[in-house]
Amino acid sequence: MKKIVIDPITRIEGHLRAEVEVNDDGVVKEAWVSGQLFRGIEMILKDRDPRDAGLLAGRICGVCTNSHFRAAVSSVEDAYALKIPKNAEIIRDLIAMALFIQDHVVHFYHLHILDFVDVTSALQADAKEASREVLKYSDNPFRSSHIHYEETIKKLSKFVKAGKLGPFSNGYWGHKAYKLSPEQNLILLSNYLNALKFQTDISKAIAIFGGKTPHPQSIVVGGVTSVADMLNPQRLNEYLFIIKDAKEFIDRAYLPDTKLIASVYRDEMKAGVGRSNGNFMSVGGYEFDDKKLFSSGVIYNHNFDDIQDFDESKISEEIDRAWYQNNSDDNDVKYTDFNQDGTLKTQKNDDKYSWIKAPRYDGKVMEVGPLARVLISYKRDNPLIKSFVDEFLTSTDLKLLDLSSSIGRNVARSIESSYICEYIFKLISNLIQNIKYYDSDTWVKFDFDKLKKDTKGRVFLEVPRGVLSHFINIKDKKIENFSVIAPTTWNASPKNFDGIRGPYEEALVGIRLEDTSKPLEVLRVLHSFDPCLACAVHVLDTNKKELSRFKI
């Protein structure tokens, strides 16, 4: 066996390390994925006023800012049994949905696509042939004239001639695993550049109701503060125009581009390259007219015909392989460092190798995220998503199981982005109807001094990367303990005492590397999950003790 170490994994949020063992054929036989980042936001929340939880928890991450902001505030509202006005719920959803779209598009084009696109190959493309090629994936593709493609080639050429490749440097250009033609590479790189403008515009949509982005400030315990924006037709129209343009890019560029990737790498999807263990979990949510945008449920071992109901009491977090002391109520830190050769200590089943704990559902590893949501919502006949999935599968001649793969995770994000836009338009319509009939409430009045002094709250939300849960204990009107289980905590879970791999690790086992000195295939698998390590780790206080441990 040969061990390959990638540290750090780039084009993600945070510090992730991967070690894989490969045989003489380059096939990965074992994997260890380690969270190397250490954070302290939960510590900062201790002894604070619960009404400040959102502003502080939002700093857990610079990417998922309003996800943690909303989750923290919602956990406080759950603790005090506060029911917020419908308008406030809609505005929170509008902020969240804009983030979903931004996160998915930015992940595909700016964090992941260079795992499949050979930049140097695009320079050899024929612009007119590219304008014909793109019509295979869309009847009305985004900015697809040969003139536009010629301009893209000129931009790329300037990068190369100047010797300043910028975001295109340090790639494995010419790697055998790249399969796209020069024209296909050009199509995707063109939309890589177009997505930069998309990212700027969709950020404005978040800021319209969030006040700013990142780190919005308009969500408060009891509702939202952006009432003036809600009542201003110009602000509503500005948001709508941005979403309209976003949907155009998603339907004419993002979806067709994932179809392109899926068509070229169909064999890998059919073979399940990057497939995890087949356990998926979604908590559902985002209600609309007695329906939910996402359905809740649990899938075991790819059994799509027997979806179980989600039960939060089955969630636990284990620490056997994480850098904490076993058999300790306080979970004292137990950092064991690396081996002398710089590799992780992984020889024994009780070796510790990650700061990330191991959440389990009914004792089992779960994959969360867009793929889990799409699979569960589709098989539960969710009317808001079913037609979108059917169209993609039919047009690409794929089966539902084929989506359980590295490329399938990207397909799920693009499908999700398209139908989220439809949901946004309906939400705006509901908001306008409420205002039209004189419902302008955005906050529920409460007297903090009269609320319970000691209480507990929790919330489960679906956010771009998957299931996010926040738990709060309040004692004498101060935060006693605060804990977070983020989507990446689930997906980047280390092994437990039983040796069962987390989703990242399981997805890596079985893939074949064309060139072990350039492990591009490892990056493809890990990037497909959209890792966010800042959200995934727990914290210690100054005495090196974890502040809280929740077993629900």
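Here are a few friendly notes on two charged surface patches and one loop residue in this predicted model.

1. Start with the negative charges. D47, D454, D476 and E480 together form a negative surface patch. As you turn the structure, try finding these four residues and seeing how they sit as a group.

2. Now pick out one member of that patch, D476. This residue is in the loop that links β11 (466-475) to β12 (478-485). Is D476 buried or exposed? D476 has a relative accessible area of 53%, and exposed means over 50%, so D476 counts as exposed.

3. There is a positive counterpart to look at as well. R143, K154, K155 and K158 make up a positive surface patch. One of them, K158, belongs to helix α7, which covers residues 146-162. K158 is exposed, and its relative accessible area is 62%.

4. Next, move to Q308. You will find Q308 in the loop between β7 (291-299) and β8 (315-318). With a relative accessible area of 33%, Q308 is partly exposed. That label fits because partly exposed covers the range between under 20% (buried) and over 50% (exposed).

5. Which residues does Q308 touch, leaving aside those up to four places away in sequence? The partners are G297, V298, Y300 and R380.

6. Finally, compare sequence and space for one pair. Q308 and M281 are 27 residues apart along the chain, while their C-alpha atoms are 9.5 Å apart in space. Finding both residues in the sequence and then in the 3D view is a good exercise.

Methods: Residues are numbered from 1 along each chain as its sequence is written. This is a predicted model: local features need pLDDT of at least 70, side-chain atom pairs count only at pLDDT 80 or more; totals for chains, interfaces and linings use all residues. Side-chain values use heavy atoms; hydrogens and water are left out. Patches are made of residues with over 30% relative accessible area and no salt bridge: like charges are joined within 9 Å, nonpolar side chains (Val, Leu, Ile, Met, Phe, Trp, Tyr) within 5 Å. Accessible areas come from the Shrake-Rupley method with a 1.4 Å probe; for residues, only the protein chains shown count as cover. A salt bridge is a side-chain nitrogen of Lys or Arg within 4 Å of a carboxyl oxygen of Asp or Glu. Lys and Arg count as positive and Asp and Glu as negative; His and the chain ends are not counted. The place of a charge is taken as NZ of Lys, CZ of Arg, CG of Asp or CD of Glu. Helices (H or I, at least four residues) and strands (E, at least two) are DSSP runs, numbered from the N terminus. Buried means under 20% relative accessible area, exposed over 50%, partly exposed in between (1.4 Å probe, protein chains only). Contact means heavy atoms within 4.5 Å.
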